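Trainee: Could you take me through one part of this structure in detail? I would like to follow the five-stranded sheet, what packs on that sheet, and the core that goes with both.

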Amino acid sequence: MNRITYTSIVKDDNPSLRLKSAVLNLPLQKKYIALAKRMLRYVKDSRDDEKAQKYDLKPAVGLAAPQVGVNVQIIVVVVDDEDGNFIEYCLANPKIISHSVQKTALSLGEGCLSVEVEHQGLVHRSARIKVRAFDVLTNEMVEFRADGYLAVVLQHEIDHLNGVLFYDHINLSDPWKVEENTLIIE
Ligand SMILES: [Zn+2]
């Protein structure tokens, strides 16, 4: 199984990142299960300094299939939440089925493996979301709620499936302006 490397990640000068990704038929074909697992391996290994160095992995907390050149609805997310819990998701066809009115944003803005130029500014997202998806690791449909940092990362990755990049959400005339009813995550 060949590894995904940082060099092989599709960058934002490639118009394919702006396409909508295809919904996958279930049960997932083997090649898509294998793809999802390669993506998960990238993100997990990228958290390990030694492996990151050895295998050309820039640290990441998530990845979407269009970023590895396949326009299908698969995302992976690996984060430590505010309580220090290790959380990993490997999802097909993720859909946000409801979201809070309250917004949230990371105080320092966001970054992306596909974006090499720095784009400064707040990225406002829903503070809480409910997601429905096919869980590749357990092979079943799941529904779960997410808030805080996890919700931000999930929304960033799901955006990729719709051809949306984080800087599309930055208010260019006032990039650091906090919108009403927004929780800032430090
Ligand atoms: Zn991204």
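Mentor: Happy to; we will go through the sheet, then the helices and the core, and then a few backbone details. This is a predicted model, in which local features need pLDDT of at least 70 and side-chain atom pairs count only at pLDDT 80 or more, while totals for chains, interfaces and linings use all residues. Residues are numbered from 1 along each chain as its sequence is written.

Let's begin with the sheet. Five strands form an open, antiparallel sheet in the order S1-S2-S3-S6-S7. Strands here are DSSP runs of E with at least two residues, helices are runs of H or I with at least four, and both are numbered from the N terminus. Two strands count as paired if DSSP finds at least two bridges between them. At the edges lie S1 and S7 (140–147), each of which pairs on one side only. From one strand to the next, the twist averages 40 degrees. Axes are lines fitted to C-alpha atoms, for helices over the stretch in contact, and angles run from 0 to 180 degrees between N-to-C directions.

Inside the sheet, S2 and S3 run antiparallel and are joined by seven bridges. Val 77, for instance, has Tyr 89 in S3 as its bridge partner. Helix H1 packs on the sheet and touches S1, S2 and S3, with its direction at about 30 degrees to that of S2. Helix H3 also packs on the sheet, touching S1, S2, S3, S6 and S7, and its direction makes about 160 degrees with that of S2. Contact means that the C-beta atoms of two residues, placed from the backbone, lie within 7 Å.

Now for the core. The largest nonpolar core has 47 residues, and those touching the most other members are Ala 36, Met 39, Val 43, Ile 74, Val 76, Val 77 and Leu 154. H1, S1, S2 (74–80), S3, S6 (128–135) and H3 (148–161) each supply at least two of its residues. Such a core is a set of buried Ala, Val, Leu, Ile, Met, Phe, Trp, Tyr and Cys residues joined through C-beta atoms within 7 Å. A residue is buried if 20 or more other C-beta atoms lie within 10 Å of its own, exposed if 12 or fewer, and partly exposed in between, with C-beta atoms placed from the backbone. Leaving aside residues up to four places away in sequence, Ala 36 touches Ile 74, Val 76, Cys 90, Ala 92 and Val 136. In soluble globular proteins, nonpolar side chains tend to be buried together.

Some backbone details sit in these elements or beside them. Within S3 (residues 86–99) you will find Asn 93, which has a positive phi of about 50 degrees although it is not a glycine. Asn 93 is buried, with 20 other C-beta atoms within 10 Å. Asp 56 is another non-glycine residue with a positive phi, here about 60 degrees. Asp 56 belongs to the loop between helix H2 (49–55) and strand S1 (62–64), and counts as partly exposed because it has 14 C-beta neighbours inside 10 Å. Ahead of helix H1 (30–46), the preceding segment holds Pro 27. The peptide bond joining Leu 26 and Pro 27 is cis, with omega about -5 degrees.
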